[in-house]
Amino acid sequence: MKVKVLTIFPELFPGFLGSSLTGKALDDGKWSLETVNIRNYAFDKHGSVDDTPAGGGAGMVMRPDVLGAALKENYSGGRLINMSPRGKPLNQKMVHELAKEDNLTIICSRFEGIDERVLEAYGAEDVSIGDYILTGGEQAAQIMLDAIVRLLPDVLGNAESVEDESFEKFLLEYPQYTKPAEWEGRCVPDVLLSGHHQKIKDCRLEQSKQVTKVRRPDLWKKYLDSEKN
Ligand code: SAH
């Protein structure tokens, strides 16, 4: 997968994506990352990319002509995503879809956001990583990319570990335990030490259901609906 990121802070990349699994996958060429500094497309010598909002109000808005020039030179098809709290909320289903793409171009903005006309002209999709406000799209893009890259072929060691995870089947993951079998008077549940695979599976499913029901009634409803079909 080829990823291109348009930003005024290229030095923020690869950031944490350069470490651990995503960093190894980057080194191994399982994905590539190119940053484009939007400032290089500014028309004045100060490198201005933003201006005051039409109609007044607080903050600054990224100019369509500057971002448009950056896109014209650097966007050559594929999904174009603009990180925005106004976007479609990212979920694991979208992450799976995005992981199938060969090319992803991601726009990161700061301040109040971007002039709507350039987003319309290029057919950018707004994507949000949650109902809270960050200082910039770079953090959001890195979180989204982290979720995508770990699903690329051969990035995670054990393919099974994806299938069992929270959200994969509308259920949150069951609680995990490891050694020692007893810690400060608290024991690992007996069934997990029994070696009885079917019983372990049943117990984990039951625990997944319980935790989803209590913590995420919205997901629980989706799970029940999916079981009906
Ligand atoms: N005034 C805007 C928020 C601007 S925050 C509003 O109310 O919608 C500055 C930038 O950070 C945004 O343009 C976006 O690129 C990024 N950002 C902030 N929160 C985000 C979120 N939850 N998801 C994705 N991007 C976000």
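This passage describes the ligand site, the nonpolar cores and selected buried residues of a predicted model.

The ligand is surrounded by 20 residues. Met83, Ser109, Glu112, Gly130 and Tyr132 are the closest of them. By class, nine residues of the shell are nonpolar, eight are polar and three are charged. Three elements each contribute at least two residues to the shell: strand β5 (79–89), strand β7 (125–128) and helix α5 (137–149). The largest share comes from β5, with four residues.

Backbone atoms of the protein make polar contacts with the ligand. An oxygen atom of the ligand lies 2.8 Å from a backbone N or O atom of Met83. At Ser84, a polar backbone atom is 3.3 Å from a ligand nitrogen. At Leu134, the distance from a polar backbone atom to a ligand nitrogen is 3.0 Å. On its own, the ligand has 560 Å² of accessible area, and the protein covers 86% of this.

Met83 also belongs to the largest nonpolar core, which has 30 residues. Met83 is among the residues with the most contacts inside this core, together with Val3, Trp31, Leu104, Ile106, Met144 and Ile148. Five elements each supply at least two core residues: β1 (2–7), β5, α3 (92–98), β6 (103–107) and α5. Helix α5 gives the most, with seven residues. Both β5 and α5 thus appear in the ligand shell and in this core.

The surroundings of Ile106 give a view of the packing in this core. Neighbours within four places in sequence are left aside here. Ile106 is then in contact with Val3, Lys4, Val5 and Leu6. Further contacts of Ile106 are Ile81 and Met83, along with Ala141, Met144 and Leu145. A second core is separate and holds 17 residues, including Ile38, Leu80, Ile114 and Val118.

Two buried polar side chains were examined next. Thr7 lies in strand β1. Its relative accessible area is 0%, so Thr7 counts as buried. The side chain of Thr7 has a polar atom 2.7 Å from the backbone nitrogen of Phe9. The side chains of Thr7 and Glu138 are joined by a polar contact of 2.6 Å. Glu138 also appears among the contacts of Thr7 beyond four places in sequence, as do Phe13, Val36, Asn37, Ile38 and Cys108. Ile38 is one of the residues of the second core.

Ser128 is placed in strand β7. Its relative accessibility is 3%, and Ser128 is therefore buried. The side chain of Ser128 reaches the backbone nitrogen of Gly130 at 3.0 Å. Gly130 is itself one of the residues closest to the ligand. Beyond four places in sequence, Ser128 is in contact with Ser84, Pro85, Gly87, Lys88, Pro89 and Leu90. Of these contacts, Ser84 has a polar backbone atom 3.3 Å from a nitrogen of the ligand.

Helix α2 spans residues 64–74. Its buried residues are Val66, Leu67, Gly68, Ala70, Leu71 and Asn74. In an α-helix, residues three or four places apart point the same way, because there are 3.6 residues a turn. The cover over the buried residues of α2 includes the strands β1, β2 (32–37), β4 (61–62), β5 and β6. Helix α4 (116–122) is also part of this cover.

Terms used: Residues numbered from 1 in each chain as written. Predicted model: local features only at pLDDT ≥ 70, side-chain atom pairs only at ≥ 80, totals over all residues. Heavy atoms only, no water. Near = heavy atom within 4 Å. Polar contact = N/O pair within 3.5 Å; in protein donor to acceptor, adjacent residues only side chain to side chain. Areas by Shrake-Rupley, 256 points an atom, 1.4 Å probe, with all protein chains shown as cover. Nonpolar A, V, L, I, M, F, W, Y, C, P; charged D, E, K, R; others polar. Core = buried A, V, L, I, M, F, W, Y, C linked by side-chain atoms within 4.5 Å. Buried < 20%, exposed > 50% of the residue type's maximum accessible area, 1.4 Å probe, protein only. Contact = heavy atoms within 4.5 Å.
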